[in-house]
Amino acid sequence: KKILLVEQRSYYCHAPFLVAANIQRFVRFEEIVTAAQLRELLDRHAIGLIVFNSSVWAKTKGFQDMLRRRPSILEEARVREAGSRESCALYRVE
């Protein structure tokens, strides 16, 4: 399983990951409208965890906008919060 790293400073991650910050265009959260689309992305890339940095300086606007558009999308896609600290949240993909 990989980590979906919603954080622009991906260089510090030593585990297998897929980066999803505004500075890259590989993952386009603005195109994800339904929980099924999000789940398909997670399954296609074998994502087991999501690390999300929500601080004001983080370049994670696409992910934040997706959560604002569909507040229940993570729950519907069977993604559960596993913990948080300051402005960083860890989610487990079931």
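Leaving aside neighbours within four places in sequence, Gln64 is in contact with Phe52, Asn53, Ser54 and Ser55. Gln64 sits in helix α2. This is a predicted model, and every value here is computed from it.

**Around Gln64**

Is Gln64 buried or exposed? Gln64 is buried, because its relative accessible area is 19% and the cut-off for buried is under 20%. One polar atom of the Gln64 side chain lies 3.4 Å from the backbone oxygen of Ser54. Phe52 is another contact of Gln64. The C-alpha atoms of Gln64 and Phe52 are separated by 9.2 Å, and the two residues are 12 residues apart along the chain.

Asn53 also touches Gln64. Asn53 belongs to strand β3. With a relative accessible area of 4%, Asn53 is buried. Its side chain makes a polar contact too: a polar atom of Asn53 lies 3.0 Å from the backbone nitrogen of Ser55. Ser55 is itself among the contacts of Gln64.

**Strand β3 and its partners**

Strand β3 is mostly covered, with 6 of its 7 residues buried. It runs from 47 to 53. Which way do β1 and β3 run relative to each other, parallel or antiparallel? They run parallel, joined by 5 bridges. Within this pairing, Lys2 has Ile47 of β3 as its bridge partner.

β3 also pairs with β5, in the antiparallel sense, over 5 bridges. Here Leu49 is partnered by Arg92 in β5.

**The aromatic cluster**

A pair of aromatic rings is described by the distance of the centres and the angle of the planes. The structure holds 2 aromatic pairs. The table sets them out.

| Pair | Centre to centre | Angle between planes | Geometry |
|---|---|---|---|
| Phe29 and Phe63 | 5.0 Å | 80° | edge-to-face |
| Phe52 and Phe63 | 4.6 Å | 50° | tilted |

Phe29, Phe52 and Phe63 form one aromatic cluster. Phe63 takes part in the pair with Phe29 and in the pair with Phe52.

Where do the rings of the edge-to-face pair come from? Phe29 is in the loop between β2 and α1, while Phe63 is in helix α2. These two residues are 34 residues apart, and their pair links distant parts of the chain. The tilted pair also links distant parts: Phe52 in strand β3 and Phe63 in helix α2, 11 residues apart.

Burial is shared across the cluster. Phe29 counts as buried because its relative accessibility is 3%, below the 20% cut-off. Phe63 is buried as well, with a relative accessible area of 1%. Phe52 is buried, and so is Phe63.

**The nonpolar core**

How many residues make up the largest nonpolar core? It has 24 residues. Those with the most contacts inside it are Leu4, Phe29, Leu38, Ile50 and Phe63. Two members of the aromatic cluster, Phe29 and Phe63, thus appear in that list.

Six elements each supply at least two residues of this core: β1 (2-6), α1 (35-44), β3 (47-53), α2 (61-69), α3 (73-76) and β5 (88-93). Helix α1 gives the most, with 4 residues.

Ile50 gives a view from inside the core. Neighbours within four places in sequence aside, Ile50 is in contact with Leu4, Val6, Leu42, Phe63, Val79, Ala89, Leu90, Tyr91 and Val93. Among them, Leu4 and Phe63 are also on the list of residues with the most contacts inside the core.

**The chain as a whole**

The chain contains 3 helices and 5 strands. Along the sequence they follow the pattern β-β-α-β-α-α-β-β. Of the 94 residues, 45% count as buried. Among contacts with a separation of 6 or more, 57% come from residues 24 or more positions apart.

**Confidence**

How confident is the predictor, and where is the mean pLDDT lowest? The chain averages a pLDDT of 86, and 86% of the residues score at least 70. Among the elements, β2 has the lowest mean pLDDT, at 72. Helix α3 has the highest, at 98.

Definitions and conventions. Residues numbered from 1 in each chain as written. Heavy atoms only, no water. Core = buried A, V, L, I, M, F, W, Y, C linked by side-chain atoms within 4.5 Å. Buried < 20%, exposed > 50% of the residue type's maximum accessible area, 1.4 Å probe, protein only. Contact = heavy atoms within 4.5 Å. Phe/Tyr/Trp six-rings, centres within 6.5 Å; stacked < 30°, edge-to-face > 60°. pLDDT = per-residue confidence, 0-100. Polar contact = N/O pair within 3.5 Å; in protein donor to acceptor, adjacent residues only side chain to side chain. Pairing = 2+ DSSP bridges.
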